[in-house]
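Please explain how this protein model is organised, beginning with its overall architecture and continuing to its charged contacts and its backbone details. A formal account in running paragraphs is requested.

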Amino acid sequence: MCSVRRNFGFGRNIDYAVSQALRAMYGDGSFATRHAHMARWRVFSRFLKGKGVHRFEHISAELVEEYARLLAAAVSDGITSVSYAVNILSTVNVASRAVRGDSRITVSPSRFIGKRRCVREDSPDGLHWDAVVALSQTLDAKGLPRAARAVLLARACGMRLREALLANIPRLRHEASEFGRINIVDGTKGGRRAERWIRVDERVLHALAMCGDVRNLLECPKSLRLRKVYRGEVARAREIMAINGVGGYHELRASWACSRYEEITGREAPAVCESLLTDDLDKEARSQIAKELGHGRPSVSSAYVGRGR
């Protein structure tokens with residue numbers, strides 16, 4: 001019996017094989033479509049090479065599902081958008097059909113990524129600061145210093161994971177001392193430069209103090225690429241966080257929003273106690289929280305603090 005030809009006969013290099021298979025499927029036209037698929041495929045290809053997989057026939061359904069779970073975790077932590085994650089998995093499916101000629105190695109993007117919930121219905125993880133500090137200490141003891149300090153920054157300041165890793169710590173310390181508030185501008189989603197001033201309290205001061213004398217967390221102890229930190233330290237930290245009842249960094253961001261809601265209104269957020277305010281104070285809180293989280297629309301606050309009227 002003849003063995004399967006390398007990359008099902010489309011070439012020796014797996015990326016080249018996918019490009020040739022897409023050309024065969026779409027023809028010489030549809031350049032923009034093929035270009036978009038190849039850009040997304042290369043993201044998945046880096047994951048494959050990290051696993052030592054260099055031939056298409058060695059890609060298994062289990063391997064694709066493992067990658068889908070990593071994307072789902074990235075979405076949960078606010079690192080990757082739902083649409084981007086879904087697009088990558090869709091491209092993996094298209095490439096698989098183009099190269100293999102069948103749909104045996106495909107996944108359902110909606111099964112792993114799902115749709116972004118517009119309204120939070122459950123109390124977020126990490127509401128209690130003492131438990132978050134204990135989690136940070138556990139991560140530190142496990143040799144995960146960046147993840148440990150990012151946990152504190154996410155809960156104390158409402159930062160996304162990327163914002164926590166790239167935050168200019170000396171600048172934030174200066175602003176906290178000089179103005180009593182800090183401006184989150186580093187590592188923001190889409191490179192947004194709108195001012196996001198956050199009120200400083202004891203939790204913020206503690207988080208900044210624990211970061212030590214570094215410019216940002218990637219320099220602790222030395223500069224590392226974000227991708228390497230995500231796949232290494234952050235991935236290991238997620239497992240420990242889950243064991244300690246915290247679903248991800250985005251949950252800590254939601255906890256910050258719920259605490260902020262209570263500070264502004266004097267009442268717990270709807271996601272925490274299922275209450276529902278109808279006055280202007282609720283609208284004011286949602287508008288302020290949306291601004292401090294880096295979103296342009298107050299309606300987005302519902303994904304963090306729960307439903308409004």
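The following paragraphs proceed from the overall fold to individual residues.

The model is predicted: local features require pLDDT of at least 70 and side-chain atom pairs count only at pLDDT 80 or more, whereas totals for chains, interfaces and linings use all residues. Residues are numbered from 1 along each chain as its sequence is written, and side-chain values use heavy atoms, with hydrogens and water left out.

The protein has 15 helices and 2 strands. These elements are DSSP runs numbered from the N terminus, with helices being H or I runs of at least four residues and strands being E runs of at least two. Along its principal axes, the C-alpha trace spans about 70 × 45 × 35 Å. Of the 309 residues in the protein, 47% are buried. Here, buried denotes under 20% relative accessible area, exposed denotes over 50%, and partly exposed covers the values in between, for a 1.4 Å probe and protein chains only. The accessible areas themselves come from the Shrake-Rupley method, and for residues only the protein chains shown count as cover.

Helix α12 occupies residues 249–265. It has 17 residues and reaches 25 Å from its first C-alpha to its last, close to the 24 Å expected at 1.5 Å a residue. The expected span is 1.5 Å times one less than the number of residues in the helix. Because 14 of its 17 residues are buried, α12 is largely enclosed by the rest of the structure. The helix is followed by G266, whose phi is positive, near 80°.

Helix α12 also contributes E263 to a set of charged contacts. A salt bridge is defined as a side-chain nitrogen of Lys or Arg within 4 Å of a carboxyl oxygen of Asp or Glu, and a search of the whole structure finds 17 of them. In one, the side chains of R199 and E263 meet at 3.1 Å, N to O. This pair links distant parts of the chain, with R199 in strand β2 (residues 197–199) and E263 in helix α12, 64 residues apart. R199 counts as partly exposed because its relative accessibility is 42%, and E263 is likewise partly exposed, with a relative accessible area of 38%.

The side chain of E263 also meets that of R203 in a salt bridge, at 3.5 Å, N to O. Here too, distant parts of the chain are linked: R203 belongs to helix α10 (residues 202–210), and 60 residues separate it from E263 in helix α12. R203 is partly exposed at 22% relative accessibility. Salt bridges that share partners join R199, D201, R203, R260, E263 and E292 into one network.

Elsewhere, a salt bridge pairs the side chains of E65 and R111, at 3.8 Å, N to O. E65 lies in helix α3 (residues 61–76) and R111 in helix α5 (residues 109–112), so that the pair links distant parts of the chain, 46 residues apart. The two partners fall into separate accessibility classes: E65 is partly exposed, with a relative accessible area of 22%, whereas R111 is exposed at 60%.

Attention now turns to charges on the surface. R46, R225, R227 and R231 gather there in a patch of positive charge. Such patches are made of residues with over 30% relative accessible area and no salt bridge, like charges being joined within 9 Å. Lys and Arg count as positive and Asp and Glu as negative, while His and the chain ends are not counted. The place of a charge is taken as NZ of Lys, CZ of Arg, CG of Asp or CD of Glu. Within this patch, R46 lies in helix α2 (residues 31–50) and counts as partly exposed because its relative accessibility is 36%.

Two backbone details remain to be described in the segment before α1. N7 has a positive phi of about 50° although it is not a glycine, and this residue lies in the segment before α1 (14–26). F8, also not a glycine, has a positive phi of about 55° and is placed in the segment before α1 as well. Is each of these residues buried or partly exposed? N7 is buried, with a relative accessible area of 0%, whereas F8 counts as partly exposed at 27%.

Finally, V86 lies in helix α4 (residues 82–100). V86 is partly exposed, with a relative accessible area of 23%. The C-alpha atoms of V86 and A68, 18 residues apart along the chain, are separated by 9.2 Å.

Note on methods
Patches are made of residues with over 30% relative accessible area and no salt bridge: like charges are joined within 9 Å, nonpolar side chains (Val, Leu, Ile, Met, Phe, Trp, Tyr) within 5 Å. Accessible areas come from the Shrake-Rupley method with a 1.4 Å probe; for residues, only the protein chains shown count as cover.
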